[in-house]
Amino acid sequence: MPPEAAEPPRGRTRRPVLAHVVGQNIGLILAVAILSASIVIFAAMFVVQQDRLPGSFEITSTVNNTMPLALAAIGQTIVVLTRGIDLSVGGVIDLTNALAAIFLTGGVWHMAVVSVLIVLAGGVAGLINGLIVGFGRLQPIVVTLATLSILQGLAIRVLPTPGGSIPAGYTAFLVNTNAPTALCFLALAALGWMGFRRSRLGVDVFAIGNDEQAAIALGVKALRTKIIAYTIGGMLYAVAGLFLAASATGGDATTGDDYTLTSIVAVVLGGVNLFGGRGSAVGAICGAFITTMIVNILFFAHINPLYQSFYEGLFLVIAVVFGALIGRLVRGGR
Amino acid sequence: MKRLSLSPDALRVLAAYGAAVLLFVIGAFVHPGFASFGSITSILLVATFVGLVAAGQCFVVLVGGIDLSVPWVLNAAAILLATSSLGQDSRAAYAVVLTLGMGLVAGFANGVGVVWLGVPAVVMTLAMNGIIEGLALGLTGGMTCGACASYAPPVIAASVHDVWLGVPAALWLWLVVILIVSFVLGLTRFGRITYAIGNNPRAAYLAGINVSLTTVCLYGLSGLFSALAGILLVGFGGQASLGMGTPYLFQSIAAVVIGGVSILGGRGNYLGAAAGAVSLTALVSVLLALNMPDYGRSIIYGVVILALLLLYGRDQRE
């Protein structure tokens, strides 16, 4: 036996467990690192300018502002994991936001039922995306571009001019302005993700994203899994629409438009791989908070707000380039 | 499906032209005079702007990319043309060169990001859109600068509106662009390389093609065409305004897709995309003639695109 024959197995076990874990979760780790850095920078700027640490008010408003984006980003993550992309996010948020502004009235039970129906409406929109992408075997980017247009039209049909109102109790429940209680919802979402990740569905979603043909060969029902992924995405965008309506205490059939692009930004910053198969809800939530923190930092740096998108764009490119670079360094040993 | 001797790609292009003709016929029924010569040329003139942006989008989509930076490259081009020419004919040539250069540089930057920095096309061009939006807004103080209110130089306005042989000049320009782009894609080495990369970048690389450089050039061309559309739009409307580029992202992608260009790359041509631009504009015009409100147009727009996609856009690679 030549000595090198025994080499490969030993080479495999040589890799320490920690390095393996870091390599597998490098996207998430980077997202957490960027978020921590941006929070520290923000806090430092705040202390310099206000002579105190950011208090309950600042934290609460940051959390509440980020809620819709965080939820939309989790939905986008599930779709992106299947190697898809969903541009209809903005349309679903527009529509559900408009529906919320009109139908959210009356007592607690009525509002609860309406909320559930609105979430289901988002689910139907996602289901349609999924059905067309799945059965039509069409590219997600063009399908969801078309449904985006349809949903935007429907939203304006439902609520032609900004208006309507959200009961104060509803706003207080979702986006309490006195304390960052909305974080509880994110914790719930993260818990839900842990369940999802370990469920048959979650495993299938990741499998499709990594290698669809191999997944199908192993018995994964790719079509059904994709349809479910888009449907869950649609429901999460609808929840984002409800949070948006609650924090604006009214409806506007166009405020959701931005979320199509910002949800993709949040997903990318959160370490979710746009080519599928890698990512997590916690990453997406981090990505959403990074997006908000950048705006806060630019504000405290007294950057002319007109230049805001310039710095955001620049930051996005730099973050992605360095993320890829560090990822390659960490995984480089392989 | 080999019932016809035509290739599926040619069928798609024919379908796009058929859709355009059908829409004009429907328009003539619902609104007398819709298919008159004057009405057709004015619809085609509006389609020109979409068509020019779609030319750039077509190049990028053919290699499996996408350019989301269209809205603000176009808008910044419009603003730059107005502010650098100050409405004077003597400065028009300089302004046009400067503006096209800006578009080219923005496009090249996209290409460099996608190819050499390894940023996904969606993210890179999205970020570029933001970068240019911020620069355009910041440098003009939100369009409050003195030069921002400048009108397009008369010579540029004339190059859009002037009628040659009964047809607006911009349409002739588009025709030239259609011929050049079709020639480049169909009959030159550059075109062959583009399709090769779109079909299989790895195989193209192994065949000795400079994939990186070609891709960067294609993104550069996309920026160039967005800027050209911006210049003509200022000439068409007289002034630059904020948000004027926004509709063109959706429309350029829709035109390319309706025209039978595969979003995965490697299949389709600009003749189809141009037909897609005409069909889209004709569709909007028909809906306007029907007094369809905004929301209805938006819905029908989406439904028609989905219908066309389902009709012939099936992903045949599976």
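**Salt bridges, pockets and loops in a two-chain model**

In chain A, the side chains of A:D204 and A:R200 are joined by a salt bridge, with 3.3 Å between the closest N and O atoms; the term denotes a side-chain nitrogen of Lys or Arg within 4 Å of a carboxyl oxygen of Asp or Glu. The model is a predicted one, in which local features need pLDDT of at least 70, side-chain atom pairs count only at pLDDT 80 or more, and totals for chains, interfaces and linings use all residues. Residues are numbered from 1 along each chain as its sequence is written, chains are lettered from A and ligands numbered from 1 in the order in which they are written, and side-chain values use heavy atoms, with hydrogens and water left out.

Both A:D204 and A:R200 belong to helix 10 (residues 200-210) of chain A, where they stand four residues apart, about one turn of the helix. Helices (H or I, at least four residues) and strands (E, at least two) are DSSP runs, numbered from the N terminus. The two partners differ in their surroundings: A:D204 counts as buried because its relative accessibility is 4%, whereas A:R200 counts as exposed because its value is 55%. In these terms, buried means under 20% relative accessible area, exposed over 50%, and partly exposed in between, with a 1.4 Å probe and protein chains only.

Side chains of opposite charge can pair when their charged atoms come close. Over all chains, the structure holds four salt bridges. Another of them links A:R52 with A:E58, at 3.1 Å from N to O. Here A:R52 is partly exposed, as its relative accessible area is 39%, while A:E58 is buried at 13%. In chain B, B:R297 pairs with B:D294, and their closest N and O atoms are 2.7 Å apart. These two residues are three apart in helix 13 (residues 294-312) of chain B, and therefore about one helical turn separates them. B:R297 has a relative accessible area of 21% and is partly exposed; B:D294, at 52%, is exposed.

The account now turns to the spaces within the model. It contains two cavities of 30 Å³ or more. On a 1 Å grid over the protein atoms alone, a cavity is a set of points where a 1.4 Å probe fits but cannot get out, and a pocket is an open set with protein on both sides within 12 Å along at least five of seven lines; lining residues have an atom within 4 Å of a point. Grid points are joined across faces, edges and corners, and a volume is the space filled by probe spheres set on the points.

The second largest cavity encloses about 50 Å³. Its lining draws on both chains: A:V142, A:L145 and A:A146 are joined by B:F250, B:I253, B:A254, B:V257, B:I305 and B:L309. Helix 7 (140-158) of chain A, helix 11 (246-258) of chain B and helix 13 of chain B each contribute at least two residues, and helix 11 of chain B gives the largest share, with four. By class, nine of the lining residues are nonpolar, and none is polar or charged; Ala, Val, Leu, Ile, Met, Phe, Trp, Tyr, Cys and Pro count as nonpolar, Asp, Glu, Lys and Arg as charged, and the others, Gly among them, as polar.

The second largest pocket holds about 1,700 Å³ of space. Of the 44 residues that line this pocket, A:R83, A:Q139, A:F275, B:G64 and B:L264 lie nearest its centre. The lining of the pocket comprises 26 nonpolar, eleven polar and seven charged residues.

On the surface, A:Y311, A:L314, A:I318, A:F322, A:L325, A:I326 and A:V330 make a nonpolar patch of about 560 Å². Patches are made of residues with over 30% relative accessible area and no salt bridge, like charges being joined within 9 Å and nonpolar side chains (Val, Leu, Ile, Met, Phe, Trp, Tyr) within 5 Å. Accessible areas come from the Shrake-Rupley method with a 1.4 Å probe, and for residues only the protein chains shown count as cover. A:I326 lies in helix 15 (residues 308-331) of chain A and is partly exposed, with a relative accessibility of 33%.

Two loop residues of chain A complete the tour. Most residues other than glycine have a negative phi. A:R137, however, has a positive phi, near 50°, and is found in the loop between helix 6 (108-135) and helix 7 of chain A. Its relative accessibility of 29% makes A:R137 partly exposed. A:T249 also has a positive phi near 50°; this residue is placed in the loop between helix 12 (222-248) and helix 13 (259-269) of chain A, and at 41% A:T249 is partly exposed.
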